[in-house]
Amino acid sequence: MPQRPANRLLEAASQIILGKTHELQLALSCLIARGHLLIEDVPGVGKTTLAHALARLIGLHFQRIQFTSDLLPADIVGVSIFDRDTSHFRFHPGPVFAQLILADEVNRATPKTQSALLEAMEERQITADGSTMPLPEPFFVMATQNPSSQIGTFPLPESQLDRFLMRIQLGYPDRSAERALLMGKARREIIEHQPPVITPDDLLALQEEAQSLLIAERLIDYVQDLLAATRQAGEYLGGLSPRAGLGLLAAARAWALIEGRDHVLPEDIQRVFPHIAAHRLQRAGDGRHPGPAELARLLQSVPLR
Amino acid sequence: MHPDTATDSLRRDQGSWLLGAAALTLAPHVDTLPTWVAVLAFGLLGWRASLLWRGRMATSKWLVLMLALAAGIAVRFEFGHFFGKDPGVALLAILLGLKLLETRTMRDIHAAVLLCFFLQLAVFLENQSPLFALLALGACLLSIGSLLALTDPHASQRERLRTSALLLVQGLPFMLTLFVLFPRVQGPLWGLPADAHRAVTGLSDSMSPGSIAELSQSSEIAFRAAFEEAPPPPHLRYWRGPVLTHFDGSTWRASRHERAEHPYYTPAGPQLRYQLTLEAHNQHWLLAMDFAGGPVDGIRFGSDYQALSVQPVRTRSRFELNAYPETPVGVDESSRVLDSARRLPADGNPRSRQLVAELSADTPTPAILLERVIDYLRQSELRYTLRPPLMREDSVDTFLFVAQRGFCEHFSSAFVFLMRAAGVPARVVTGYQGGEINPVDGSLVVRQSDAHAWAEVWLDGRGWVRVDPTALAAPQRIESGLSAALPAGEALPLLMRPEMAWLRTLRHQWDAASNHWNQWVLGYNQARQLELLSELGLDTPHWQVLIGGMMLAVLVVMAALLAWAMHYRNPADALDKAWAAFSRKLAHVGLERHPAEGPLDYGARLARARPLDASALQEITSRYAALRYRPPAPVHEVLELKRRIRKLNLR
């Protein structure tokens with residue numbers, strides 16, 4: 001039996017990114033849920049490789065934007081230049097007009113530049129010189145962010161973080177995966193020779209399908225309980241927003257789809273919850289984002305209905 | 001869809017339900033409807049069915065109207081009037097067919113279903129047997145099904161049937177409450193006044209040759225007797241009816257007798273207690289077994305040793321009776337009674353008189369003479385037959401010397417004649433003899449075919465002694481019943497033929513079922529109601545109390561049903577219970593589910609902890625996951641899950 005597109009994609013990706021199946025499934029869920037992904041990690045763990053690999057495997061038009069402190073909004077969205085021949089301004093689209101964008105080290109740019117990208121992510125269109133241009137479909141932004149402790153960074157404000165559906169960390173590979181990585185061919189070379197396993201249309205169909213997955217009413221109740229738990233405990237500055245709740249449902253649907261089900265189970269919600277919640281929540285005490293253990297405790301404290 | 005604009009809103013499956021309901025509703029009426037009405041009603045149904053199958057519209061309104069008018073006129077001619085039960089039911093049956101023929105709108109269909117319900121009720125005005133009740137129940141099921149087919153066109157046929165049955169079952173507690181508590185009036189539940197006086201088969205207070213033979217062709221039940229202990233042997237089963245003393249040469253008639261609250265004898269010997277359920281025969285006599293003990297409420301005892309009810313038995317009635325078969329009766333009988341028991345017409349039957357003169361030439365005692373007569377009858381090769389020849393003149397002579405065959409009335413009549421001719425007091429007793437034990441419930445069923453006539457002779461010092469002259473010629477009649485006694489080839493009522501044994505078994509079972517039905521459903525009268533209520537601690541409550549209690553009970557039942565419905569609103573709650581039970585079961589081995597643990601995670605944890613049970617455990621958790629989070633959960637699958645959880649045995 002030919003594998004379903006979502007599984008084909010996951011399998012092919014885990015051939016390239018070794019030992020990170022869970023993170024890959026999260027990244028794919030984010031993609032299928034039409035969300036954007038924030039990857040926060042130290043350099044060199046394969047953030048760029050992941051973006052490359054996904055673009056290649058789906059056959060998406062890929063653009064990488066390296067964020068620096070002198071990057072300007074126009075460098076992202078494009079610029080209108082006067083054309084002598086026609087005596088008109090002509091818009092030169094920036095790198096944001098691509099299907100998969102890797103915004104590398106997004107927290108190195110100034111807030112103004114950051115917000116240009118983030119607005120494009122939210123609106124899925126660019127307005128320049130009074131005309132509006134839609135961004136291509138599918139449109140998926142993977143932003144990487146160095147841990148905020150590093151110097152020379154402009155941390156993304158909370159409101160901007162909310163634009164990312166998920167935040168994941170890749171982390172170091174385990175010993176055997178790392179050994180395979182070290183002994184194998186260069187990842188870049190593998191990616192270049194990797195044919196696409198699904199088409200962009202397949203991805204759109206997957207996104208469509210994910211939206212139609214059944215969610216029992218009880219799971220809506222459960223999601224509400226989870227949201228309420230983040231709001232009531234007094235542990236966090238503010239809780240999760242309704243938008244986060246919608247994101248949680250969308251991500252859980254996508255996760256369930258990859259699992260091969262036509263309905264969502266509580267486990268799907270629990271798997272994606274930490275990655276939806278962590279970057280949106282701030283601890284009341286020190287203003288830091290909660291860690292995985294803390295979120296696991298939160299999940300344990302909310303009984304299933 | 002606007003009800004008035006729909007041209008033919010009846011889909012094929014809906015129409016099938018409706019036609020099925022109508023056909024089953026009309027079926028029990030066929031028995032009583034005039035033939036043309038039944039044919040017309042079913043013809044209309046068939047017409048509608050053919051229209052439905054060809055996907056055609058309803059018939060034109062004018063045609064239906066004309067048909068209705070014509071049928072109305074015909075009914076008027078048939079019955080002469082429109083009033084009363086029979087023309088009413090006939091009209092309704094025809095109207096049901098016509099209504100179906102013109103069904104265009106939802107309202108038409110609803111009207112047709114209501115008509116069905118009404119006709120189902122009307123069945124009971126005519127016949128209240130359990131079979132008809134079953135038919136009406138089936139029709140009711142289909143009627144509800146057709147309403148369901150209208151409201152929920154997407155349900156499968158089986159679902160409709162199930163829902164319909166469920167609705168009926170939910171109505172059951174209301175039905176029972178109303179049935180038990182609704183204040184009863186005296187009299188039968190369904191009987192219309194006219195029904196109680198119609199002619200019924202049974203004994204009469206006179207006997208002429210052939211009258212009992214005619215009765216024996218009927219297999220209708222006369223009465224049932226349920227003995228507390230083993231039923232007595234066949235030769236004791238004499239059920240006493242009218243005692244006939246007056247003889248006019250051809251017909252025997254009952255003489256006048258006195259009545260009292262106590263029997264005219266002192267009951268002695270062993271006692272047999274039994275319950276007699278007498279079918280309505282519009283007479284006073286109870287057909288109690290010889291000889292009834294007393295006093296009993298509502299029963300009088302005749303000086304001819306009959307037990308009689310105060311009121312004629314117009315409905316099926318139950319009596320608690322005792323019998324003392326060995327009681328000596330009439331030892332000191334009055335000379336007036338004995339005189340009338342010796343009386344004969346002045347002339348007629350000369351050869352019989354001649355015979356008696358020869359037998360009593362040496363003036364023997366009555367006891368010796370009795371033996372001689374018995375010997376004579378035994379030796380004279382009289383044959384027992386259901387089809388005796390006509391004996392108009394000198395019937396006793398004809399029977400004894402010419403025809404030499406006859407039925408029990410001939411035997412008893414001839415015997416009594418001979419005894420009287422010799423001056424010994426004798427009389428004919430009619431009633432029933434024998435009966436059949438129903439192997440299903442052990443009760444004794446006595447039919448009209450068990451009707452019998454025997455004789456009693458008065459002997460000095462012994463009183464009235466029973467002599468059954470029929471037994472002389474056909475002893476099997478007494479021991480084994482009518483069918484054994486008749487010569488081969490003689491036409492028996494169908495069911496009495498020995499080769500019909502399987503049919504008889506079936507009939508036994510049916511009889512036992514109808515007996516229960518009669519006792520508990522149709523026979524649930526005021527007395528039984530009071531009896532039941534007093535067992536519940538309510539002694540002779542006022543009818544207002546009864547109605548109050550009934551309403552209260554209905555409210556309680558309604559509240560209980562409502563609570564049940566709220567509780568089991570959907571199978572999801574049953575699912576929760578099953579899931580909780582599963583977790584409890586595993587808590588015994590320290591594997592309780594964490595409140596926040598999803599079913600698949602739980603299943604995986606269980607499988608790791610108990611690898612031997614892994615597949616069974618994960619089967620349950622994955623089934624639960626699918627049922628819980630992929631609504632709607634089909635009831636049977638929830639039940640299946642419950643079953644698996646119940647049967648789960650941890651190794």
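## Where chain A meets chain B

Chain A and chain B bury about 1,400 Å² between them, and 53% of that area lies on carbon and sulfur atoms. On the chain A side, the residues that lose the most area to chain B are A:R218, A:E267 and A:L304, which together make up 34% of what that side buries. Keep in mind as you look around that this is a predicted model.

Here is the contact in brief.

| Feature of the contact between chain A and chain B | Count |
|---|---|
| Residues from chain A | 19 residues |
| Residues from chain B | 17 residues |
| Salt bridges across the interface | three salt bridges |
| Residue pairs in polar contact (both at pLDDT 80 or more) | eight residue pairs |

The elements giving two or more residues to the side of chain A that touches chain B are α10 (217–232), α12 (266–277) and α13 (292–301) of chain A. The most comes from α12(A), with four residues. Sorted by class, this side of chain A has ten nonpolar, three polar and six charged residues. For a salt bridge to find in the structure, try A:D262 and B:R630, whose side chains meet at 2.6 Å, N to O.

Now for the cores. The largest nonpolar core has 81 residues, and B:W239, B:Y274, B:F415 and B:Y432 have the most contacts inside it. Helix α13 (residues 408–421) of chain B gives the most to this core, with eight residues. Leaving aside neighbours within four places in sequence, B:F415 is in contact with residues including B:L370, B:V373, B:I374 and B:L377, as well as B:V457 and B:P469. Apart from this core lies another, of 77 residues, among them A:L50, A:L203, A:L213 and A:L248.

Notes:
Residues are numbered from 1 along each chain as its sequence is written. Chains are lettered from A and ligands numbered from 1 in the order in which they are written. This is a predicted model: local features need pLDDT of at least 70, side-chain atom pairs count only at pLDDT 80 or more; totals for chains, interfaces and linings use all residues. Side-chain values use heavy atoms; hydrogens and water are left out. Contact means heavy atoms within 4.5 Å. Buried area is the accessible area (1.4 Å probe) that two parts lose on being put together, summed over both. A salt bridge is a side-chain nitrogen of Lys or Arg within 4 Å of a carboxyl oxygen of Asp or Glu. A polar contact is a pair of N or O atoms within 3.5 Å; within protein, one must be able to donate a hydrogen and the other to accept it, and residues adjacent in sequence count only if both atoms are side-chain atoms. Ala, Val, Leu, Ile, Met, Phe, Trp, Tyr, Cys and Pro count as nonpolar, Asp, Glu, Lys and Arg as charged, and the others, Gly among them, as polar. A nonpolar core is a set of buried Ala, Val, Leu, Ile, Met, Phe, Trp, Tyr and Cys residues joined through side-chain atoms within 4.5 Å. Buried means under 20% relative accessible area, exposed over 50%, partly exposed in between (1.4 Å probe, protein chains only).
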